[in-house]
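This report describes selected features of one structure, from single residues to helix packing and the surroundings of the ligand. The sequence and the structure follow.

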Amino acid sequence: MTEQRPRRQATRTLPARKRIALIAHDGKKAELLAWAERWRDTLARHDLVGTGTTAQRVAETLGLEVHGLMSGPLGGDQQIGARITESRLDMLVFFWDPFAPMPHDPDVKALLRLAALWNLPVATNAASADFIITSPLVAQEVTVNVPDANDWLATRRDP
Ligand SMILES: O=C(CO)COP(=O)(O)O
């Protein structure tokens, strides 16, 4: 198979003050809230955004501003995905529930695909979130490789 892939990489610089998305499925919300409480002081130095219910719960628990988008099943995951595509997000903490049947699984897959594509730091459980949040890179400007969208458009052929 010869799937078309970006031929060139470009770079983008993540700011020192990160835009961090927080999302948890219902079965993982308690775990995410406990994690967020543990790292409250660090999270307070960044800009937080989340899917509707998660954002509300984190804001209440931490007493911090969390920009709430739509609830996940109503399109919130896709709103986060759009922010990734537009370079308006710098980190994703998404505690998805491996035990729950996922009625809006396509949204979850689409979000994780965009995070992988755009080389976004992602944590999907408490241990990986601990590793990411304690990285010195969280508080620094960091330049990462991303697909070169202009080159992709210029070289894309009709099938
Ligand atoms: O469904 C979600 C993630 O896929 C989360 O949405 P809520 O934060 O609104 O519960």
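## Arginine 38 and its helix

Arginine 38 counts as partly exposed because 14 C-beta neighbours lie inside 10 Å. This arginine belongs to helix 1. Between its C-alpha atom and that of proline 98 there is a separation of 23 Å, the two residues being 60 positions apart along the chain. As with every value in this report, these figures come from a predicted model.

## Helix 1 against helix 3

Helix 1 comprises residues 29-38 and helix 3 residues 52-62; their axes come within 10 Å and cross at roughly 40°. Helix 1 is therefore oblique to helix 3, since angles under 35 degrees would count as roughly parallel and those from 65 to 115 as roughly perpendicular. The crossing of helix 1 past helix 3 is right-handed.

On the side of helix 1, the contact is formed by Lys29, Leu32, Leu33, Ala36 and Glu37, and on the side of helix 3 by Thr54, Arg57, Val58, Thr61 and Leu62. Sorted by class, the contact of these two helices holds five nonpolar, two polar and three charged residues.

## Glycine 63, after helix 3

The loop between helix 3 and strand 4 (66-68) contains glycine 63. Is glycine 63 exposed or buried? Glycine 63 counts as exposed because it has 9 C-beta neighbours inside 10 Å, and the limit for that class is 12 or fewer. Alanine 44, 19 residues away in sequence, is 9.6 Å from glycine 63 in space, taken from C-alpha to C-alpha.

## Helix 4 against helix 5

A second helix pair is formed by helix 4 and helix 5, which pack at an angle of about 15° with their axes 9 Å apart. The two helices are therefore roughly parallel to each other, as the angle falls in the class under 35 degrees. Their crossing is left-handed.

Helix 4 brings Asp77, Gln78, Ile80, Gly81, Ile84 and Thr85 to this contact, where they meet Asp107, Val108, Ala110, Leu111, Leu114 and Ala115 of helix 5. The residues of the contact comprise seven nonpolar, three polar and two charged.

## Glutamine 79 in helix 4

Glutamine 79 is also part of helix 4. It is partly exposed, because 17 other C-beta atoms lie within 10 Å. Leaving aside residues up to four places away in sequence, glutamine 79 touches Leu69 and Met70. Its C-alpha atom is separated by 9.6 Å from that of glycine 50, although the two residues are 29 apart along the chain.

## Surroundings of the ligand

Which residues are found around the ligand? They are Ile23, His25, Thr51, Gly52, Thr53, Thr54, Ser71, Gly72, Pro73, Gly76, Asp77 and Val108. By class, this shell has three nonpolar residues, eight polar residues and one charged residue.

Helix 3 and helix 4 (76-85) each provide at least two residues of the shell. Helix 3 contributes the most, with three residues. Some residues of the shell also take part in helix packing: Thr54 is in the contact of helix 1 with helix 3, and Asp77 and Val108 are in the contact of helix 4 with helix 5.

## Two loop residues with positive phi

Most residues other than glycine have a negative phi. Serine 87 has a positive phi, near 55°, and is not a glycine. This serine lies in the loop between helix 4 and strand 5 (91-95). With 14 C-beta neighbours inside 10 Å, serine 87 counts as partly exposed.

Asparagine 119 likewise has a positive phi, of about 60°, although it is not a glycine. Its place is in the loop that runs between helix 5 (105-117) and strand 6 (122-123). Asparagine 119 counts as partly exposed, because 16 C-beta neighbours lie inside 10 Å.

## Alanine 10 in strand 1

Alanine 10 is located in strand 1, which spans residues 9-14. With 13 other C-beta atoms within 10 Å, alanine 10 is partly exposed.

Which residues does alanine 10 touch, not counting those up to four places away in sequence? The residues in question are Val146 and Asp148. Valine 144 is 134 residues from alanine 10 along the chain, and the C-alpha atoms of these two residues are separated by 8.5 Å.

Terms used. Residues are numbered from 1 along each chain as its sequence is written. This is a predicted model: local features need pLDDT of at least 70, side-chain atom pairs count only at pLDDT 80 or more; totals for chains, interfaces and linings use all residues. Axes are lines fitted to C-alpha atoms, for helices over the stretch in contact, and angles run from 0 to 180 degrees between N-to-C directions. Helices (H or I, at least four residues) and strands (E, at least two) are DSSP runs, numbered from the N terminus. Angles under 35 degrees count as roughly parallel, over 145 as roughly antiparallel, 65 to 115 as roughly perpendicular and the rest as oblique. A crossing is left-handed if the near helix is turned anticlockwise from the far one by less than a right angle, and right-handed if clockwise. Two residues are in contact if their C-beta atoms, placed from the backbone, lie within 7 Å. Ala, Val, Leu, Ile, Met, Phe, Trp, Tyr, Cys and Pro count as nonpolar, Asp, Glu, Lys and Arg as charged, and the others, Gly among them, as polar. A residue is near a molecule or strand if its C-beta atom, placed from the backbone, lies within 6 Å of it. A residue is buried if 20 or more other C-beta atoms lie within 10 Å of its own, exposed if 12 or fewer, and partly exposed in between; C-beta atoms are placed from the backbone.
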